[in-house]
Amino acid sequence: MAKVADIVNAMSVITGGRTVSSMEEVKSGKHPFVILKSSGIYGKEVLEIPGLIYGDANKEVKKIAVCMTMTELVIELAGATGVDAVVAHHPIADAASCGGVTLKHYLDLYDVAGLECHEAFHGLHPGIPFLHGHKVLKGSISYGGVHGNIVFVGRALPGIATLGDILDRLDGFMALDQDRALLAEERLVRGIEEIRETSVETRGFIHLGERGSRVENVLHIFPHTGFSPENLRQAVAENPDVDTVLASISRVYAGHELIETARELGLNFLVGNCHVMEILENGLPLAHALAELLEGVEVVLFRDRVTSTPAHKVGNAAMQAYAREMSASHLLGKHALSET
């Protein structure tokens, strides 16, 4: 029978030894993938710890869930479906990953172990560039000296000659036809045409260039990691054959300085998959690797689906009446602070 410790060992194999073996190793401050993430917002930093975050290493495991970000939704689904351990890609933190409460009490309630990997997993496989139609020639996971600022330089794969080819490739691999069909059915069932959904709304698009614009050498960036216009100028100076900037996981919108810098440098600028697709790009390969290394353990993938619906159309008549009553009777100026 597999144990939580076996998951930790499997993650070490998968990452080439990037995970931590103990909290003593974490506290030493010497592990390169134990990283404090902070943007300077007071009290909101988090320490990335690749490995076991919480749970008994000797606990028996029959079922593992791989997810992108642990939330209370993940914990509830784990508890309801007999999951023994959750392997989250992103860092796990008190309150943020567990519905505003302390993580220990929530995971203890359902006897679920929590593990994470994030930066320790990045750069281990060329799947994201492959899905976006290019082969990596070189890359960095700390470009410009910023840990986590991932950059790839690649050459277009056979059959990829234009920006349109990349968009069509993504549409096919990510099975967006299924997401569009699912959204159409939801709109029909709920009778709400205005429902919008992340996978459909955030498909790839072109900022600079046309569908027929030629692509040969790609600079693949991830804007949310801190990639800057100065980084772009430096990368193009180092790789003067680059003709296309490709942004994925996160993207930029019209007017962003990265677009203007690319325009100045005479480059195409294409937006690829957004963060919602990383559960397939990174989560699914991780799930397959865990299943291969942990014989007899069932591995499932937890995939988020987020929709946008006009507030006055959510639910049924009873739920709308409830919301109006709670709002009118208790929330509209009913809780003014008393003077002391």
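Axes are taken here as lines fitted to C-alpha atoms, for helices over the stretch in contact, with angles running from 0 to 180 degrees between N-to-C directions. In this predicted model, helices H9 and H10 pack with their axes 9 Å apart and at an angle of about 30°. Since angles under 35 degrees count as roughly parallel, H9 is therefore roughly parallel to H10. The crossing of H9 past H10 is right-handed. On the H9 side, the contact is built from Pro 229, Leu 232 and Arg 233, and these meet Glu 257, Leu 258, Thr 261, Ala 262 and Glu 264 of H10. By class, the residues of this contact comprise four nonpolar, one polar and three charged.

Helix H10, which spans residues 257-264, rewards a look of its own. Its buried residues are Leu 258, Ile 259, Thr 261 and Ala 262. Viewed down the axis of H10, these buried residues fall within an arc of 160°, so they line one face of the helix. The face turned away from that buried side carries Glu 257 and Glu 264, both exposed. Several elements help to cover the buried residues of H10, including helix H9 (229-238) and the strands E10 (205-208), E11 (217-221), E12 (244-249) and E13 (268-274). After H10 comes Gly 266, with a positive phi near 75°.

A second helix pair joins H1 (residues 4-15) to H11 (residues 278-293), whose axes come within 10 Å and cross at roughly 120°. This angle makes H1 oblique to H11. Here too the handedness can be stated: H1 passes H11 in a right-handed crossing. H1 contributes Ile 7, Ala 10, Met 11, Val 13 and Ile 14 to the contact, while H11 contributes Leu 286, Ala 289, Leu 290 and Leu 293. The residues of this contact divide into nine nonpolar, no polar and no charged, whereas the contact of H9 with H10 includes three charged residues.

Between helix H9 and strand E12, the loop holds Asn 239. At a relative accessibility of 10%, Asn 239 counts as buried, because the cut-off for a buried residue is under 20%. Setting aside residues up to four places away in sequence, Asn 239 touches Lys 138 and Val 153.

Two residues other than glycine stand out for their backbone angles. His 118 is not a glycine, yet has a positive phi of about 45°. It lies in the loop that runs between strand E6 (113-116) and helix H5 (127-131), and His 118 is buried, at 11% relative accessible area. Ala 175 likewise has a positive phi, near 55°, and its place is in the loop between helix H6 (163-173) and helix H7 (176-190).

Glu 76, finally, sits in helix H3, which covers residues 72-80. With a relative accessible area of 34%, Glu 76 is partly exposed. Beyond its neighbours within four places in sequence, Glu 76 is in contact with Tyr 106 and Tyr 110. Glu 24 lies 52 residues from Glu 76 along the chain, and the C-alpha atoms of these two residues are separated by 31 Å.

Terms used:
Residues are numbered from 1 along each chain as its sequence is written. This is a predicted model: local features need pLDDT of at least 70, side-chain atom pairs count only at pLDDT 80 or more; totals for chains, interfaces and linings use all residues. Side-chain values use heavy atoms; hydrogens and water are left out. Helices (H or I, at least four residues) and strands (E, at least two) are DSSP runs, numbered from the N terminus. Angles under 35 degrees count as roughly parallel, over 145 as roughly antiparallel, 65 to 115 as roughly perpendicular and the rest as oblique. A crossing is left-handed if the near helix is turned anticlockwise from the far one by less than a right angle, and right-handed if clockwise. Contact means heavy atoms within 4.5 Å. Ala, Val, Leu, Ile, Met, Phe, Trp, Tyr, Cys and Pro count as nonpolar, Asp, Glu, Lys and Arg as charged, and the others, Gly among them, as polar. Buried means under 20% relative accessible area, exposed over 50%, partly exposed in between (1.4 Å probe, protein chains only). The arc is that of the directions from the helix axis to the C-beta atoms.
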